[in-house]
Amino acid sequence: MSETARLMLMLALAGSVVTFMGSAAIWLMDPQRRMARALKRVLRGWPDAVALSPASGRGAGLSLNSGLAAVCWDNGAWCLIYRIDELAGAELKVDGQVVGRVMRDEPRRTLDRVSGALEHVTLRLVFDDPRHPDFDVALWTAGDQLRREAASPADAMVEANRWLARIEAILRKTRPAPVVSAAPLNEDLDEIE
């Protein structure tokens with residue numbers, strides 16, 4: 001009987017260890033946690049603001065301490081890092097229409113409504129980068145209400161409005177680096193000196 005009890009105890013212990021390891025792996029591989037860890041790694045610390053879209057595997061983060069902004073996709077497997085002064089603006093699109101906008105050297109287009117999204121709430125970040133000029137983060141889509149931790153469209157609109165306010169404050173404080181213009185090719189070099 002003692003051998004049977006010992007065997008049952010060892011099986012129960014092994015089952016508990018396997019269950020714990022499986023639960024830890026599921027927790028660590030959660031798309032939101034993976035994207036947050038990726039943004040933390042590339043921004044050199046926890047971001048001050050994060051916008052994540054677990055359904056599409058895309059996210060964005062801002063770190064004011066390091067002066068960096070980062071975007072990630074493929075659940076954090078790929079990231080692009082920008083200096084904050086490379087941020088040119090942001091737009092809030094609801095069902096394909098721009099309802100809020102902040103751009104450098106333009107007045108802010110304030111958010112007119114906070115609810116009423118039927119299909120999509122998307123935050124579009126615009127950067128001074130010719131290769132990757134913009135990045136979309138779907139804060140809410142129509143299928144999100146079926147997920148466990150899904151926010152409502154109104155919550156997504158409020159979060160997007162916070163992002164617009166942050167970006168407006170950043171744009172007011174930072175100015176892009178001055179562009180150095182080259183001399184025209186048809187001018188004589190003596191005239192330049």
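Which side chains meet in a salt bridge of 3.1 Å, N to O? To find out, select Asp-85 and Arg-83: their side chains meet in this salt bridge. The model on screen is a predicted one. With Arg-83 still selected, look at its surroundings: its relative accessibility is 44%, so Arg-83 counts as partly exposed, since that class lies between the limits of 20% and 50%.

**The sheet**

Next, select the strands β1, β2, β3 and β4. They form an open sheet of 4 strands in the order β1-β2-β3-β4, and the pairing is antiparallel. At the edges are β1 (49-53) and β4 (78-83), each of which pairs on one side only. On average, neighbouring strands of this sheet are turned by 10° against each other, with direction ignored. Strands of a sheet pair through backbone hydrogen bonds, in either a parallel or an antiparallel way.

Now narrow the selection to residues 58-63, which are strand β2, and residues 68-73, which are strand β3. These two strands pair in the antiparallel sense over 5 bridges. Select Gly-61 and look across to β3: the residue opposite is Ala-70.

**Two helices on the sheet**

Add residues 31-43, helix α2. Helix α2 lies across β1, β2, β3 and β4, and runs at about 145° to β3. Then add residues 153-173, helix α3. Helix α3 lies across β1 and β2, running at about 140° to β1.

**Salt bridges**

How many salt bridges does the model have? The count comes to 11, and two further ones are visited here.

Select Lys-93 and Asp-136. They form a salt bridge in which the closest N and O atoms are 4.0 Å apart. This pair links distant parts of the chain, as Lys-93 is in strand β5 (residues 87-94) and Asp-136 in strand β8 (residues 134-141), 43 residues apart. Is Lys-93 buried or partly exposed? Lys-93 has 21% relative accessibility and therefore counts as partly exposed, because buried means under 20%. Asp-136, with a relative accessible area of 27%, is also partly exposed.

For the last stop, select Glu-106 and Arg-101. Their side chains meet in a salt bridge of 3.8 Å, N to O. Now extend the selection to Glu-91, Arg-124 and Asp-134: together with Arg-101 and Glu-106 they are joined into one network by salt bridges that share partners. Of the pair selected at this stop, Glu-106 is partly exposed at 42% relative accessibility, and Arg-101 is partly exposed with a relative accessible area of 28%.

Notes: Residues are numbered from 1 along each chain as its sequence is written. This is a predicted model: local features need pLDDT of at least 70, side-chain atom pairs count only at pLDDT 80 or more; totals for chains, interfaces and linings use all residues. Side-chain values use heavy atoms; hydrogens and water are left out. Two strands pair if DSSP finds at least two bridges between them. Axes are lines fitted to C-alpha atoms, for helices over the stretch in contact, and angles run from 0 to 180 degrees between N-to-C directions. Contact means heavy atoms within 4.5 Å. Buried means under 20% relative accessible area, exposed over 50%, partly exposed in between (1.4 Å probe, protein chains only).
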